[in-house]
Amino acid sequence: MGRKRLTASDIRQLLTALDKELQRKGKAATIFIVGGAAMALAYNAARATEDVDGTFEPRDLVLDAAKTVAVEANSWGWSDIDTSWLSDGVAQMMPPLPDDHPYSEKIGPALTVSIGSPEFVLAMKAMVTRKSMGDLDDAVVLCRMLNIT
């Protein structure tokens with residue numbers, strides 16, 4: 001069995017559970033989401049992804065809480081959710097300048113999420129070397145949004 005493909009609804013459910021876990025720990029965090037999860041949440045609702053790529057602070061606290069959420073997801077019937085559903089492996093692929101206009105959303109009292117702007121996500125898609133069909137499809141959607149022909 002492969003990893004669960006996460007829809008926008010799935011991602012929101014995981015983020016809500018992450019907020020609750022952070023509240024339980026008495027801590028707060030921020031996440032900056034890019035990649036396929038950004039596409040699913042903000043730019044292409046039909047998009048699904050295997051993980052949520054981004055950066056987060058405080059890093060270790062968020063990763064620990066995300067692992068707890070993955071275990072909790074088993075009670076939702078998600079036996080195929082990976083404990084690394086939240087990943088910061090894209091950090092080294094981020095453009096050198098920060099996103100100057102991300103979309104931000106308060107998930108709950110303990111979690112604020114920012115989603116990379118279309119321009120930022122497109123820049124990342126252009127910089128990746130794997131050039132998967134998902135990356136190319138995402139780039140087309142973003143170019144259309146930005147009126148780039």
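These questions and answers walk through a predicted model.

Reader: In what order do the strands of the open sheet lie?
Author: Strands of a sheet pair through backbone hydrogen bonds, either parallel or antiparallel. Here the open sheet has 5 strands, and its pairing is mixed. The order is β3-β2-β1-β5-β4.

Reader: Which are the edge strands?
Author: An edge strand here pairs on one side only. That holds for two strands of this sheet: β3 (86-87) and β4.

Reader: Do β1 and β5 run parallel or antiparallel?
Author: β1 and β5 are joined by 5 bridges. F32 has S114 in β5 as its bridge partner. The two strands run parallel.

Reader: Do β1 and β2 run parallel or antiparallel?
Author: Again there are 5 bridges, now between β1 and β2. T30 stands opposite E57 in β2. The direction is antiparallel.

Reader: How many residues does the hairpin between β4 and β5 run through?
Author: Strand β4 (residues 103-108) pairs with β5 over 5 bridges, in the antiparallel sense. One partnership is K106 with T112 in β5. The hairpin joins the two strands through 2 residues.

Reader: How many residues of β5 are buried?
Author: Strand β5 is mostly covered. Of its 5 residues, the buried ones number 4.

Reader: How many aromatic pairs are there, and what is the angle between the planes of F32 and F120?
Author: The count is 2 aromatic pairs. In one of them, F32 and F120 sit 5.3 Å apart, centre to centre. This pair links distant parts of the chain: F32 is in strand β1 (residues 29-34), F120 is in helix α4 (residues 118-127), and they are 88 residues apart. The pair is edge-to-face, with an angle of 75°.

Reader: Is F120 buried or exposed?
Author: Buried means under 20% relative accessible area. F120 has a relative accessible area of 7%, so this ring residue counts as buried.

Reader: Why is the pair of W76 and W78 called edge-to-face?
Author: The ring centres of W76 and W78 are 4.8 Å apart. Planes over 60 degrees apart count as edge-to-face. The planes of W76 and W78 stand at 90°, so the pair is edge-to-face.

Reader: Which residue lies over the face of W78?
Author: W78 counts as buried, at 9% relative accessibility. W76 is partly exposed, at 25%. Over the face of W78, at 4.7 Å from the ring centre, lies K4.

Reader: How far apart are the end C-alpha atoms of helix α1?
Author: Helix α1 (residues 8-25) has 18 residues. At 1.5 Å a residue, the helix should span 26 Å. The end C-alpha atoms agree with this, so the value is 26 Å.

Reader: Which residue with a positive phi follows α1?
Author: Buried residues of α1 include L14, L15, L18 and L22. After the helix comes a residue with phi near 70°. That residue is G26.

Reader: Which element gives the largest share of the largest nonpolar core?
Author: This core has 39 residues. L15, L18, I31, I33, W85 and L86 touch the most other members. Elements giving two or more residues include α1, β1 and β5. The largest share, 8 residues, comes from α3.

Reader: Which residues does L86 touch, beyond those up to four places away in sequence?
Author: L86 is in the group that touches the most other core members. The residues asked for are L18, I31, V52, F56, V62, L63 and A66.

Methods
Residues are numbered from 1 along each chain as its sequence is written. This is a predicted model: local features need pLDDT of at least 70, side-chain atom pairs count only at pLDDT 80 or more; totals for chains, interfaces and linings use all residues. Side-chain values use heavy atoms; hydrogens and water are left out. Rings of Phe, Tyr and Trp (its six-membered ring) pair if their centres lie within 6.5 Å; planes under 30 degrees apart count as stacked, over 60 as edge-to-face and the rest as tilted. Buried means under 20% relative accessible area, exposed over 50%, partly exposed in between (1.4 Å probe, protein chains only). A charge sits over a ring if NZ of Lys or CZ of Arg is within 6 Å of the ring centre and within 35 degrees of the ring normal. The expected span of a helix is 1.5 Å times one less than its number of residues. A nonpolar core is a set of buried Ala, Val, Leu, Ile, Met, Phe, Trp, Tyr and Cys residues joined through side-chain atoms within 4.5 Å. Contact means heavy atoms within 4.5 Å. Two strands pair if DSSP finds at least two bridges between them.
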